[in-house]
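Me: Hi! Could you walk me through this one while I have it open?

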Amino acid sequence: MTGPTGERIAVVGAGVGGLTAAYVLSRAHRVTLWEAQPRLGGHAHTHELDGASGPLRVDTGFIVHNDRTYPLLRRLFGELGIRAHPTEMSMSVRDERSGLEYAGGRGLSGFLARPRQLARGDYRRMLLAVRRFHRLARDFLTTTDDSEPTSFGEFCAAARFGPDFIRLYAVPVVACVWSTGSAEALDYPARHVFRFLDHHVMLELGNSPQWFTVAGGSHRYVEAVASRVAEVRVGRLRDRLPRRRAAHPQEALMSRTLHRTVTTTTPADRVFAYLADFRNAVEWDSGTVSCTRLSGEGGPGSVYRNVSRFAGREVSLDYTVLTRSAPVLVFEGRNATVLGRDTITITEHGEGARVDYLAEFTFSGVARWLGPLVQPLLERLGDQTAAQLTRALDAL
Ligand SMILES: Cc1cc2nc3c(=O)[nH]c(=O)nc-3n(C[C@H](O)[C@H](O)[C@H](O)COP(=O)(O)OP(=O)(O)OC[C@H]3O[C@@H](n4cnc5c(N)ncnc54)[C@H](O)[C@@H]3O)c2cc1C
């Protein structure tokens, strides 16, 4: 399988990271995927068990994903034709010491599963403290940066969360999401914990995303990717690769991504229709100077020419519509040195909509060496675009 440029590239490790890299690179290059274990998948591991009515496939490790914070994985599954079943993410706690029980992630019925518990002061105090915990954790994220060393236990102590709350709520949450023992839960860096919880919409009550699990087990997507890669070698631990075949060090410099989320009061269907017409980018994208349709009616295959101003220069990219199927829009743009891909996911948010905007850029030629320099400029552009996009959508 030799693509347009046909370089030989080795990808080491066949977890979801290596599999995705191998899948994307295989579009243009001959990829060899090396995996130390005798099976592919890394943490994506499906076990086949004997069930009463035939084989039963059970995932351990990677089990669930959602429709909001996994835009790239969902796109990968879409491209591979992998089906996913809706499922739920919830947490049940039974505390032997106090005898209290509840289920999180199931709304009021979970917290009120044993209504008599409401008469207990320790249970009521825990319920009230959950909101304060969410608020303080979100504040902590906005007022600290990644160098912040405070551990989760230190955070709980400083915020005066008592031992009951820590035992009944704080430790179980962390133990559940990371399949970790309760002893280690308090040692994690607080920022790390909160960023994970925030990313999975677990620092607020309600507003949970829809969770999914891969139909037939996660090995379905592992096999689908492996079948698209030129060469797969398992049971080989690769610490060093032959020099000529080594992955190019500049690969790491070439790609940059930008992710922003905005919400609007305008309903999701109107937002989708507006963003699907890429000519409107001139209103909502702070970099775009002009955007004209060169061909098509706006559906997949249509081409737009987008001229934007970046780092004091005008840059022209021709964008092709790859996906226009609610709730996802994908535009891919290119010129001689830049390949850009915008994935926009529009989901309902209360009466309005939430827009997740993911921009990926791959620089080639001389431009690839500018990769690290452009990130701060991209970040600023991302912030300006998020603000302009919100204004444009609210005005619809
Ligand atoms: C218990 C558990 C449950 C989880 N549940 C979920 C979930 O439900 N949803 C979710 O989104 N995430 C979940 N995660 C996280 C998710 O599984 C990981 O984020 C993801 O699998 C990481 O993928 P990866 O490709 O980076 O690494 P891995 O999946 O760890 O893959 C790395 C691969 O590289 C191989 N390798 C390493 N070194 C070499 C070498 N030198 N030569 C050759 N091969 C090598 C390893 O053998 C391995 O196969 C869970 C994680 C755990 C541990």
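What follows is a chat about the ligand shell, the sheets and the helix packing.

Me: Anything to know before we start?
Reply: This is a predicted model, where local features need pLDDT of at least 70, side-chain atom pairs count only at pLDDT 80 or more, and totals for chains, interfaces and linings use all residues. Residues are numbered from 1 along each chain as its sequence is written.

Me: Great. How many residues surround the ligand, and which are the closest?
Reply: There are 23 around the ligand, and the closest are Gly13, Gly15, Gly17, Gly42 and His43. Here a residue is near a molecule or strand if its C-beta atom, placed from the backbone, lies within 6 Å of it.

Me: Which element gives the largest share of that shell?
Reply: Helix 1 does, with 3 residues. Helix 1 (16-25) and strand 2 (30-35) each supply at least two. Helices (H or I, at least four residues) and strands (E, at least two) are DSSP runs, numbered from the N terminus.

Me: And by class, what is in the shell?
Reply: The shell around the ligand has 10 nonpolar, 10 polar and 3 charged residues. Ala, Val, Leu, Ile, Met, Phe, Trp, Tyr, Cys and Pro count as nonpolar, Asp, Glu, Lys and Arg as charged, and the others, Gly among them, as polar.

Me: Strand 2 came up. What is the order of the strands in the open sheet of 3?
Reply: The order is 1-2-10, with parallel pairing. Strand 1 (8-12) and strand 10 (231-234) are at the edges with a single partner strand each, so one side of each has no neighbour in the sheet. Two strands pair if DSSP finds at least two bridges between them.

Me: How many bridges join strand 2 to strand 10?
Reply: 4 bridges, and Glu35 stands opposite Val234 in strand 10. Helix 1 packs on this sheet, touching strand 1 and strand 2, and its direction makes about 165° with that of strand 1. Contact means C-beta atoms, placed from the backbone, within 7 Å. Axes are lines fitted to C-alpha atoms, for helices over the stretch in contact, and angles run from 0 to 180 degrees between N-to-C directions.

Me: Switching to helices: at what angle do helix 4 and helix 8 cross?
Reply: Helix 4 (residues 121-143) and helix 8 (residues 190-199) cross at roughly 110°, and their axes come within 10 Å. That makes helix 4 roughly perpendicular to helix 8. On the cut-offs, angles under 35 degrees count as roughly parallel, over 145 as roughly antiparallel, 65 to 115 as roughly perpendicular and the rest as oblique.

Me: What classes of residue make that contact?
Reply: The contact of helix 4 with helix 8 has 6 nonpolar, no polar and 4 charged residues.

Me: How does helix 4 pack with helix 6?
Reply: Helix 4 and helix 6 (residues 163-177) pack at about 70°, with axes 10 Å apart. On the helix 4 side the contact has Asp122, Arg125, Met126, Ala129 and Val130, and on the helix 6 side Asp164, Phe165, Leu168 and Tyr169.

Me: Last topic: what is the order in the sheet of 7 strands?
Reply: This open sheet runs 11-17-16-15-14-13-12 with antiparallel pairing. Strand 11 (255-264) and strand 12 (288-295) are the edge strands, and the twist averages 20° from one strand to the next.

Me: Which helix lies across strand 11?
Reply: Helix 11 (residues 268-276) lies across strand 11, strand 14, strand 15, strand 16 and strand 17, at about 165° to strand 16.

Technical notes:
Two residues are in contact if their C-beta atoms, placed from the backbone, lie within 7 Å.
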